[in-house]
Structures are given as C-alpha cells and as structure tokens.
Amino acid sequence: MQIILMTQQLTAAKRLCCETRHIVAATLVLLCVMCGISALFTYFAVVWRLPFVEQHIAYMKDEDMLAKDEEHKVNLQALATSIGQLQAKLTQLEGMARHFSEQSGIQLPQREADASGRGGPYVPALVSEELLGDEINALSIQLQEQNVALGMLESGLRERMVRRELLPDLMPVRGGARLGSPFGPRFDPFGRGYAMHEGLDFVASPGTDVLAAASGVVVKADYHAEFGNMIEINHGGELITRYAHMSSLKVSVGNVVRRGQAIGIIGSTGRSTGPHLHFEVRANNIPINPNKFLQR
C-alpha cells in the first residue's frame with residue numbers, strides 16, 4: 001500500500017510505502033497502549049480508591065444487602081404465619097380432645113396453661129429468629145403433650161370398646177321380650193316345690209332370633225336334657241352366658257360370635273312350659289343376676 005503526501009512545504013509529492021508488517025506492528029502497538037491505560041486505571045482505582053469507583057461499589061453492596069434483608073424478612077414472616085396456623089390447629093385439636101374426654105369420661109392430663117379463652121385484635125409485631133425459635137420450642141412441647149393425651153384417650157376408648165364388646169349387656173332376644181320369670185328363688189313350674197332360678201326367662205314368639213349378649217367364643221352348642229337346645233359362650237376368663245330351650249341353633253362349638261349376632265331361635269325344648277329363652281350369666285360357674293349387666 002502506498003501513501004502520497006502533498007503539503008505546501010514540499011515542492012514535490014512524497015510517496016510512502018506501507019507494507020503489511022507495518023500495519024500489524026501498528027495494531028500491536030495500539031493494543032499495548034490500550035492495555036497499559038486499562039492497567040493504569042485499575043491500579044489507580046485500587047491503590048488510590050477513586051471516589052466514583054468506591055461509590056459505585058458501595059451502592060452495589062448496599063443494594064445487595066437490602067435485597068437479602070428483604071428476602072430474610074419475607075422468610076421470617078412466612079415462618080411466623082405457618083407457626084400461627086399450627087397453633088390454631090393445635091388449639092382446635094385440644095378442643096376436640098377435651099370434647100371426647102367429656103363424652104367418654106376419660107380424664108386427660110391437665111396442662112399448666114390452657115390455650116382456651118384467648119382473643120383480641122390482631123396487631124403485627126416485629127419478628128426475630130430468637131422469637132420464632134422460642135415459639136417453635138413451645139409448640140413442640142405442646143405437640144408432645146397433646147400426643148400423650150391423645151394416646152391416653154385412644155387407649156381408654158379401645159379398652160372401653162373391648163369391655164363393652166365382652167360384657168353381656170345386650171338384650172338377648174331380637175326386638176325385646178316380656179320377662180316371664182326373674183332371677184332368684186321361685187316355685188318350680190312343674191310343681192316340684194321351691195327352687196332357685198339361676199337366670200332370666202324371656203317370653204317371645206316362636207321363631208324370634210336369639211342374640212349373643214356379648215362377643216365371645218362358643219364353648220357349648222348341643223342338646224341338654226333340662227335346657228333343651230343350649231348354647232354357652234365364653235367372653236374371656238371365666239365369664240360365660242348360657243342360652244337355653246331354643247328350637248334350633250345357628251352356631252357351633254369353636255365359632256367366634258360378635259355382640260348382637262343371631263345364634264339361635266326361640267323355642268320350647270327341654271324342661272319348658274312354652275316358647276321362651278332361659279338366659280344365664282355365670283362367673284367361675286357361679287350364677288350372677290343378668291339384670292346387673294342388662295340394666296347398665
């Protein structure tokens with residue numbers, strides 16, 4: 001490449017030749033100059049701490065801190081809201097536990113501070129990590145206490161349900177029946193004098209279902225010379241109920257029966273003067289007045 005220079009001081013045009021190597025060298029020199037200026041500027045900025053650079057860096061730091069602080073506040077507020085919701089649910093759960101306790105008669109352990117009877121306007125308060133930590137610890141203790149209380153309530157209810165299933169307190173005749181003869185001494189219906197009646201006689205129409213007074217296992221189901229078609233059910237330990245004079249049986253020895261299940265049909269078999277059910281409750285083979293259970 002050729003460059004022609006023409007000025008008033010020159011009497012004739014001057015021609016300059018510019019080769020490729022000259023262009024490359026000039027480019028490299030320019031780049032070196034720019035890098036040097038940049039390095040010098042950076043050096044001054046770091047060593048001398050130029051005011052406008054420091055202001056820009058400080059502004060960026062402040063902006064970042066403000067953003068983090070705002071995010072921290074939002075997170076704390078969200079956590080505080082969640083704790084408040086949990087506290088409300090815990091209070092509701094405690095109310096339900098008290099209700100079931102009153103209904104079942106099972107006493108729950110008393111807490112030092114009762115959560116009921118609180119109220120007032122909502123006034124937002126400053127939230128801190130320390131405050132939230134204390135609230136979480138208190139809530140954890142309350143939840144543990146509530147778990148213990150509910151466990152006791154559940155255990156008591158289960159025990160009551162089992163006892164209710166095994167206690168012969170259900171009327172053993174479907175639809176009810178008329179009492180024909182009470183428990184205790186009486187005149188023998190066949191004229192053999194004064195005798196002890198060890199159960200209750202329920203008079204009902206032939207074909208009426210006889211029901212298990214409680215859950216248990218059938219230990220006898222056969223014909224007896226005096227009781228006729230008879231069933232005995234063991235309800236645990238030595239507690240047994242006896243059902244006699246039925247026309248037919250619906251269960252066999254070894255069957256597990258549930259409270260209220262039909263086990264036979266009213267009849268007049270064995271030593272009987274007419275259709276009725278002879279019902280006994282025995283503990284350790286000692287007769288107990290069934291009314292003590294049926295009137296519970």
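## Arg 282, Glu 280 and their network

Arg 282 and Glu 280 are both buried, a term that stands for under 20% relative accessible area, with exposed meaning over 50% and partly exposed lying in between (1.4 Å probe, protein chains only). The two residues form a salt bridge in which the closest N and O atoms are 2.8 Å apart, a salt bridge being a side-chain nitrogen of Lys or Arg within 4 Å of a carboxyl oxygen of Asp or Glu. This is a predicted model, in which local features need pLDDT of at least 70 and side-chain atom pairs count only at pLDDT 80 or more, whereas totals for chains, interfaces and linings use all residues. Residues are numbered from 1 along each chain as its sequence is written, and side-chain values use heavy atoms, with hydrogens and water left out.

Glu 280 also meets Arg 242 through a salt bridge between their side chains (3.2 Å, N to O). Because Arg 242 lies in strand β10 and Glu 280 in strand β14, this pair ties together parts that are 38 residues apart in sequence; strands (E, at least two residues) and helices (H or I, at least four) are DSSP runs numbered from the N terminus. Arg 242 has a relative accessibility of 13% and counts as buried, and Glu 280 is buried at 2%. A network of salt bridges links Glu 198, Glu 232, Arg 242, Glu 280 and Arg 282.

## A further salt bridge

By the same distance rule, the count of salt bridges comes to nine. One of them joins the side chains of Asp 209 and Lys 250 (3.0 Å, N to O), linking distant parts of the chain, with Asp 209 in strand β7 (residues 209-211) and Lys 250, 41 residues apart from it, in the loop between β11 (248-249) and β12 (256-257). Asp 209 counts as buried at 18% relative accessibility, while Lys 250, at 45%, counts as partly exposed.

## Nonpolar cores

The largest nonpolar core (buried Ala, Val, Leu, Ile, Met, Phe, Trp, Tyr and Cys residues joined through side-chain atoms within 4.5 Å) has 23 residues, and those with the most contacts inside it are Ile 231, Ile 233, Tyr 243, Ile 263, Leu 277 and Phe 279. Two or more residues of this core come from each of β6 (200-203), β9 (228-234), β10 (239-246), β14 (276-283) and α4 (291-294). Apart from it lies another core, of five residues, including Leu 76, Ile 83, Leu 90 and Leu 132.
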